[in-house]
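Q: I have a new structure to read and would like some guidance. Can we take it feature by feature?

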Amino acid sequence: MRVTGGPVEEDDLQARIDGRLPPERAEMVDTYLAAHPEERERWSQYAEQREALRAAFGAQPAGPIPRLQVSHLLTRRRRRRHRQLARIAAAVALLILGGVGGWTIRDVLPGLTSSASAILASAVFDDAIAAHRTFSVETRHPVEVGANEEAHLVQWLSKRLGHRLIAPDLTTLGFQLMGGRLLPADGGPAALFMYEDGKGTRLTCYYLSVDVDGESEFKYREEKGTSAFYWVEDGLAYAIAANTDRDLLLKVAEIIYQQNSPDGARAKIPPAPGKPS
């Protein structure tokens, strides 16, 4: 439990937006914001994003929005994933206790691993697409830290995710870095970099630390006009989203993959829908 007189933290700022702080703590946060103009400006941006997030996630106007906290933003989605993971865990437990019908854990482990990977991919896809839809339409505050502070942005997000991140260079495809922001996810903080081309098309790169070794093949999803590619490499999940066609987004994904892979190796890319593998 937080001590009432403790230092003001990020959770306090978010809770102040939702009106969930006790009066004494709320007054302390207000005093802190009044003394720190930069934090006040950032807090104001969060407040403005309330309505965008509420619209994106279908929250009721009267209640707390699904703010930048896992407990509100992804509760129903997390429950569904936990039920799926619980079924996987139960299957493993039955096998460990003596097997079911002659099956061994060696027989079913590939299938269980595949199921867990599918759950992770679905979660990252969902979050990356939702983040893209929420922030790519912003005009005043599409990013939290602008491209003019790229070094600070990359250092900050790298520290929060526990991975050395880079802001990909997409200038060969006409996309310029706008900046980025920190976001929530089931597994901890996520990073979002945003880009824009000369036609006003915005593209987002979503990064999340995951407890997965090695790498996965590229996966593709198209949802209501938003396309996304996803893959995992060395404990980091990547998701690239934009309202553009698959071919262009694949070129973006390949560039980002190569810039983040020292050996320049290629992950297996799935064929486009309707094309042979």
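Q: How do strands E5 and E6 pair, and over how many bridges?
A: This is a predicted model. In it, strand E5 (residues 219–223) pairs with strand E6 (residues 226–233) in the antiparallel sense. The pairing has 5 bridges. Take one of them: Lys 219 has Tyr 230 in E6 as its bridge partner.

Q: What do E5 and E6 form, and how many residues lie between them?
A: They form a hairpin, with 2 residues between the strands. Lys 224 sits in the turn.

Q: What should I look for in the phi of Lys 224?
A: Start with the general idea. Most residues other than glycine have a negative phi, and most peptide bonds are trans. Now the case here. Lys 224 is not a glycine, yet its phi is positive, at about 55°. Lys 224 lies in the loop between E5 and E6.

Q: Is Lys 224 buried or exposed?
A: Look at the relative accessibility. For Lys 224 it is 75%, so this residue counts as exposed.

Q: Which residue in the loop between E6 and E7 should I check for its phi?
A: Check Asp 234, which is found in that loop. Asp 234 has a positive phi of about 50°, although it is not a glycine. Asp 234 is exposed as well, with a relative accessible area of 57%.

Q: In what order do the strands form the sheet?
A: Read the sheet from one edge to the other. The 7 strands form an open sheet in the order E1-E2-E3-E4-E7-E6-E5. The pairing is antiparallel.

Q: Which strands stand at the edges?
A: Strand E1 (145–146) and strand E5. Each has a single partner strand, so one side of each is left without a neighbour in the sheet.

Q: How many bridges join E2 to E3?
A: There are 7 bridges between strand E2 (residues 176–183) and strand E3 (residues 190–196). These two strands run antiparallel. Gly 179 stands opposite Met 194 in E3.

Q: Which strands does helix H7 lie across?
A: Helix H7 (residues 150–161) lies across E1, E2, E3, strand E4 (202–209) and strand E7 (236–242). H7 runs at about 30° to E2. Helix H8 (residues 246–260) also packs on the sheet. H8 touches E4, E5, E6 and E7. The direction of H8 makes about 25° with that of E6.

Q: How do I read a pair of packed helices, and where do H1 and H2 fit in?
A: Two packed helices are described by the angle between their axes and the distance between the axes. Apply that to helix H1 (residues 10–18) and helix H2 (residues 23–35). Their axes come within 10 Å and cross at roughly 110°. An angle of 65 to 115 degrees counts as roughly perpendicular, and H1 and H2 are therefore roughly perpendicular to each other.

Q: Which residues of H1 and H2 meet?
A: From H1 come Asp 12, Leu 13 and Arg 16. They meet Arg 25, Ala 26, Val 29, Asp 30 and Leu 33 in H2. The residues of this contact divide into 4 nonpolar, no polar and 4 charged.

Q: Where does pLDDT stay under 50?
A: Residues 58–76 are one such stretch, and the model has 44 contacts for them beyond four places in sequence. Residues 264–268 are another stretch under 50, with 13 such contacts. Where pLDDT is low, the predicted coordinates should not be read in detail. For the protein, the mean pLDDT is 75, and 63% of its residues reach 70 or more.

Note on methods:
Residues numbered from 1 in each chain as written. Predicted model: local features only at pLDDT ≥ 70, side-chain atom pairs only at ≥ 80, totals over all residues. Heavy atoms only, no water. pLDDT = per-residue confidence, 0-100. Contact = heavy atoms within 4.5 Å. Pairing = 2+ DSSP bridges. Helix = DSSP H or I, 4+ residues; strand = E, 2+ residues; numbered from the N terminus. Axes fitted to C-alpha atoms, helices over the stretch in contact; angles between N-to-C directions. Parallel < 35°, antiparallel > 145°, perpendicular 65-115°, else oblique. Nonpolar A, V, L, I, M, F, W, Y, C, P; charged D, E, K, R; others polar. Buried < 20%, exposed > 50% of the residue type's maximum accessible area, 1.4 Å probe, protein only.
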